[in-house]
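This report concerns the nonpolar cores of a protein and the surroundings of its ligand. The structure is shown first.

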Amino acid sequence: MRKNYELPSLNEAKLRSKGSVNTEQFILDPQLVGIGLHKKYMLHTFGCQANVRDSEVMAGILESLGFTMANSDEDADLILLNTCAIRENAENKVFGQIGNLKHLKQKNPDLIIGIAGCMAQEEVVVNKILQSYHQVDLVFGTHNIHRLGDLVYKAMFSKEKTIEVYSKEGDIIENLPERRFGEHKAWVNIMYGCDKFCTYCIVPFTRGKERSRSVEDILDEVNDLKSRGFKEVTLLGQNVNSYGKDLQLEGGFAYLLKEVALTGIERIRFTTSHPWDFTQDMVNTIAAYPNIMPYIHLPVQSGNNDILKIMGRRYTVEEYKDTVRRLKEAIPHLTFSTDIIVGFPNESDEQFNDTLALYDEMKYDFAFTFIYSPRSGTPAAKFDDNVSLEVKKKRLAALNERVKKYALEHNQAMVNQIVEVLVDGPSKKDPSIVSGYTPHQKLVNFKAKDVKSGDIVHVKVTDAKTWFLLGEQI
Ligand code: SAH
Ligand code: SF4
Ligand code: F3S
């Protein structure tokens, strides 16, 4: 039996073990089945798609114990926050929400509040929770989600807090229960962890070393999804280009991508690909199979070589542009999005202007833009920084002007085109309008005839806004 307190250690999380990773099958302890009967859970998910997928597994485990999903926090016996540590504001949001839950715990002392995900992997965060957030009963990390049943049981019947966070990555666990949140679009993990150690980034510490699922397990999952009527899969990894390296798999990600394409599932996407090792084999595979969607998220982070170097990104602006050129040559109508960090420590006006210039040259369809946020334990957090927050905010605003300008231009160029849309369902704002995405990942809100979620229909684009298109089904 593990002890109730197993706290995360930053020093251990920094290590990369040479040991091989095993694949284990999930087994539900029959003694736990039923502990959730007549009880409800609420799950709040923050952060990236990896967390969304993890939440699907958490929901699956809880439901196999007998829990059902609650409609609100007030209605729940168990509230889990699946957290993100990527930037300080992401963490502040979570601390705010833990604070808000205090009154519910006072009203109902049997309520269990649990913290999961990337923040739970951080030593500083768990210490802070222990010191100041007494309403939290349960903390577990990204490496032991499969233990959720035992942990909830402990939290329900122990007077102490239950804290179990492994600092070293765990094995790969297959056959996990799940509750898919989507009906026709699914996330499929192909690998876990990250070994890139970009100097600003916390992910290699919260997600452990890179480890790939077997091709067979991934294909089984995709085929199962396809047979259940799913139309789209997004292959997930912090850097999908690294897929298979730990398995010494010949062909690596390009091979996997081809195999997934051959399943015949309608739409395949992947995220995130790193600009550093985007092989020609990958480019050729994307070009060769029509069910691999012509849209790529290729985070550049900065348009200045010195900054890229200090970030530890492993490519130059010239190499990045060359990768984009190779991609466009093979797939002419490819759309691109990117991630950019402004205000990296000591970034000068000139260096930031290089980012603007690159943006003008790339004319991305979309970008996620961030102000640099120091993360405790990362190398960049120790760098001096002579750039004020005010300057960083101005840079972000200037960049976001560009983002909006090109997003609108790209969308305007699509007016009068006929596009294929995978229907998500009624639009959030106006239920008489249906929304969905094109292969190029453009959001379209359109007047529909007779469609249901999961259909792929032809739509004529009639108007363009910055973040979406308007259209009519034809
Ligand atoms: N694995 C993905 C990125 C995951 S994090 C990749 O390498 O592309 C998503 C984005 O968050 C990153 O691309 C980066 O732009 C941003 N980010 C990561 N750490 C950050 C930090 N400390 N401050 C600000 N933005 C950060
Ligand atoms: Fe973070 Fe870099 Fe890994 Fe992406 S590749 S998760 S930015 S360390
Ligand atoms: Fe956040 Fe962890 Fe994803 S830090 S971005 S939830 S890998």
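Leaving aside its neighbours within four places in sequence, which residues is Leu327 in contact with?

## Contacts of Leu327

The model discussed here is predicted. In it, Leu327 is in contact with Phe278, Val283, Ile286, Ile296, Leu298, Leu334 and Phe336, when neighbours within four places in sequence are set aside.

## Nonpolar cores

Leu327 also belongs to the largest nonpolar core, a set of 64 residues. Together with Leu235 and Phe253, Leu327 ranks among the residues with the most contacts inside this core. The element that gives the most to the core is helix α9, spanning residues 252-262, with six residues.

A second core, separate from the largest one, has 31 residues. Among them are Val94, Phe95, Ile115 and Ala120.

## Surroundings of ligand 1

Ligand 1 is surrounded by 15 residues, of which Gln238, Pro299, Gln301, Asp339 and Ser373 are the closest. By residue class, this shell divides into seven nonpolar, four polar and four charged.

Backbone atoms of three named residues approach nitrogen of the ligand. For Gln238, a backbone N or O atom lies 2.8 Å from a nitrogen atom of ligand 1; for Ser373, a backbone N or O atom is likewise 2.8 Å from a nitrogen atom of the ligand. A polar backbone atom of Tyr200 is 3.0 Å from a nitrogen atom of ligand 1. On its own, ligand 1 has 550 Å² of accessible area, and the protein covers 89% of this. Strands β16 (335-342) and β17 (366-371) are the elements that give two or more residues to the shell.

Methods
Residues are numbered from 1 along each chain as its sequence is written. Chains are lettered from A and ligands numbered from 1 in the order in which they are written. This is a predicted model: local features need pLDDT of at least 70, side-chain atom pairs count only at pLDDT 80 or more; totals for chains, interfaces and linings use all residues. Side-chain values use heavy atoms; hydrogens and water are left out. A nonpolar core is a set of buried Ala, Val, Leu, Ile, Met, Phe, Trp, Tyr and Cys residues joined through side-chain atoms within 4.5 Å. Buried means under 20% relative accessible area, exposed over 50%, partly exposed in between (1.4 Å probe, protein chains only). Helices (H or I, at least four residues) and strands (E, at least two) are DSSP runs, numbered from the N terminus. Contact means heavy atoms within 4.5 Å. A residue is near a molecule or strand if one of its heavy atoms lies within 4 Å of it. A polar contact is a pair of N or O atoms within 3.5 Å; within protein, one must be able to donate a hydrogen and the other to accept it, and residues adjacent in sequence count only if both atoms are side-chain atoms. Accessible areas come from the Shrake-Rupley method with a 1.4 Å probe; for residues, only the protein chains shown count as cover. Ala, Val, Leu, Ile, Met, Phe, Trp, Tyr, Cys and Pro count as nonpolar, Asp, Glu, Lys and Arg as charged, and the others, Gly among them, as polar.
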